[in-house]
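The following exercises ask the reader to reason from a set of coordinates to statements about burial, packing and charge pairing. Each task is followed by a solution in steps.

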Amino acid sequence: MDHTVVRTEDRGAVRVVTIDRPEARNAFSGEVISQLYRALVEADEDPGVLAVVLTGADPAFCAGVDLKQAAAEGEAYFRRHRDEPVIAQAGLMRTPIVGAVNGACFTGGLELALGCDFLVASERAVFADTHARVGVRPGGGMTARLPSVVGMAWARRMSFTGEVVDAELALRIGLVTEVVPHERLLDRAVELATAATEPPADVLQAVKRMYVEGSGAPVQAALETERAIAAAGTTDLAALEERRRAVTARNRAQLAR
């Protein structure tokens, strides 16, 4: 039987959705994929929910793909993401969604965050795209959404090098809109989400649709390109764990500087 790895809490008309698998840095296990997908869909369909805050249980926001499970299950693991496309769902929300990034936000976790309308970060937040370093092609919108937020040069730099970007740099390049003390993060995100519940819901959803379908048209085209290229390739599953260890060690060394 699945145990609960995603928690929800309503604060007025704002639903706080928390990935709660801290021992694995909130990585996408099969349970996380299913429960988070359902939580986002249910929030979007609930007329009493006018905004969503997405966050993770400390110390991480989301480490992305569970590479151990992916290596063990092979194609069956990636099929979960296609059957319950949790990363895509964040970007498909009609309801405004604010990302509260409390810690490490890496690779698939960064793709998940980029699906939010905007991000607020704790001073402890760190970001990285390690797809290429672990030998996995991005397929959750990284190459489509990251350039639209930070610009093409920074997006390529993050994807090609896998370097870790801290909260202050993330603010300077536009990846996050605000950095706050760690203990203030959730309250501040809820404050901003609550402000988004004040206009008439139909008007706000229309404005969001304008952003997504209007100015976001190039992003939608880029998403299709990314998915087509990702689908045409293969993943060396046998090497995933070894690469994961190497990237983890490299990230720790970067953060220790």
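A salt bridge is here a side-chain nitrogen of Lys or Arg within 4 Å of a carboxyl oxygen of Asp or Glu. The model is predicted.

**Exercise 1. Salt bridges**

Determine how many salt bridges there are by this rule, and describe the pairs Asp 10 with Arg 15, Arg 157 with Glu 163, and Glu 213 with Arg 209.

Solution.

Step 1. The rule yields a count of 15 salt bridges.

Step 2. For Asp 10 and Arg 15, the closest N and O atoms are 2.7 Å apart. Asp 10 is partly exposed, at 45% relative accessible area, whereas Arg 15 is buried, at 12%.

Step 3. Arg 157 and Glu 163 form a salt bridge with an N to O distance of 2.4 Å. Here Arg 157 is partly exposed, with a relative accessible area of 41%, and Glu 163 is buried, with 16%.

Step 4. The salt bridge between Glu 213 and Arg 209 has an N to O distance of 2.9 Å. These two residues are four apart in helix α11, so about one helical turn separates Glu 213 from Arg 209. Arg 209 has a relative accessible area of 53% and is exposed.

Step 5. Some salt bridges share partners: Glu 178, Arg 184, Arg 188 and Glu 191 are joined in this way into one network.

**Exercise 2. The two sides of α8**

Identify which residues of helix α8 (residues 152-161) are buried, and state what they pack against.

Solution.

Step 1. Buried means under 20% relative accessible area. In α8 the buried residues are Ala 155, Met 158 and Ser 159.

Step 2. Around the helix axis they span an arc of only 90°, and therefore lie on the same side of α8. An α-helix has 3.6 residues a turn, so residues three or four places apart point the same way.

Step 3. Ala 153 and Phe 160 are exposed on the other side of α8.

Step 4. The packing partners of the buried residues include the helices α5 (108-114), α6 (131-134) and α7 (142-150). The strands β8 (126-128) and β9 (165-166) also belong to this set.

Step 5. Just after α8 comes Gly 162, whose phi is positive, at about 70°.

**Exercise 3. The buried side of α10**

Carry out the analogous analysis for helix α10 (residues 185-195).

Solution.

Step 1. Leu 185, Ala 189, Val 190 and Ala 193 are the buried residues of α10.

Step 2. Their arc around the axis is only 125°, which places them on the same side of α10.

Step 3. The cover over these residues includes strands β1 (6-11), β2, β3, β5 (97-101), β7 (118-122) and β10 (178-180).

**Exercise 4. Nonpolar cores and a surface patch**

Which residues touch the most other members of the largest nonpolar core, and which residues make a nonpolar surface patch?

Solution.

Step 1. The largest nonpolar core has 47 residues, of which Phe 28, Leu 36, Phe 127 and Leu 175 touch the most other members. Helix α1 contributes the most to this core, with six residues.

Step 2. A second core, separate from it, holds twelve residues, including Val 16, Val 98, Ala 100 and Val 190. Val 190 is also one of the buried residues of α10.

Step 3. On the surface, Val 203, Val 207, Met 210 and Tyr 211 make a nonpolar patch of about 410 Å². Val 207 lies in helix α11 (residues 201-215), and its relative accessibility of 31% classes Val 207 as partly exposed.

**Exercise 5. Backbone geometry in loops**

Where do Pro 59, Asn 26 and Thr 107 lie, and what is notable about the backbone at each?

Solution.

Step 1. The peptide bond from Asp 58 to Pro 59 is cis, with omega near 15°. Pro 59 belongs to the loop between β3 (51-56) and β4 (60-62).

Step 2. Asn 26 is not a glycine, yet has a positive phi of about 60°. Asn 26 is in the loop between β2 (14-19) and α1 (30-45), and is buried at a relative accessible area of 0%.

Step 3. Thr 107, another residue other than glycine, has a positive phi near 55°. The loop between β6 (104-106) and α5 contains Thr 107, which counts as buried at 7% relative accessibility.

Terms used:
Residues numbered from 1 in each chain as written. Predicted model: local features only at pLDDT ≥ 70, side-chain atom pairs only at ≥ 80, totals over all residues. Heavy atoms only, no water. Buried < 20%, exposed > 50% of the residue type's maximum accessible area, 1.4 Å probe, protein only. Arc of directions from axis to C-beta. Contact = heavy atoms within 4.5 Å. Patch = residues over 30% accessible without salt bridge, like charges linked within 9 Å, V, L, I, M, F, W, Y side chains within 5 Å. Areas by Shrake-Rupley, 256 points an atom, 1.4 Å probe, with all protein chains shown as cover. Core = buried A, V, L, I, M, F, W, Y, C linked by side-chain atoms within 4.5 Å.
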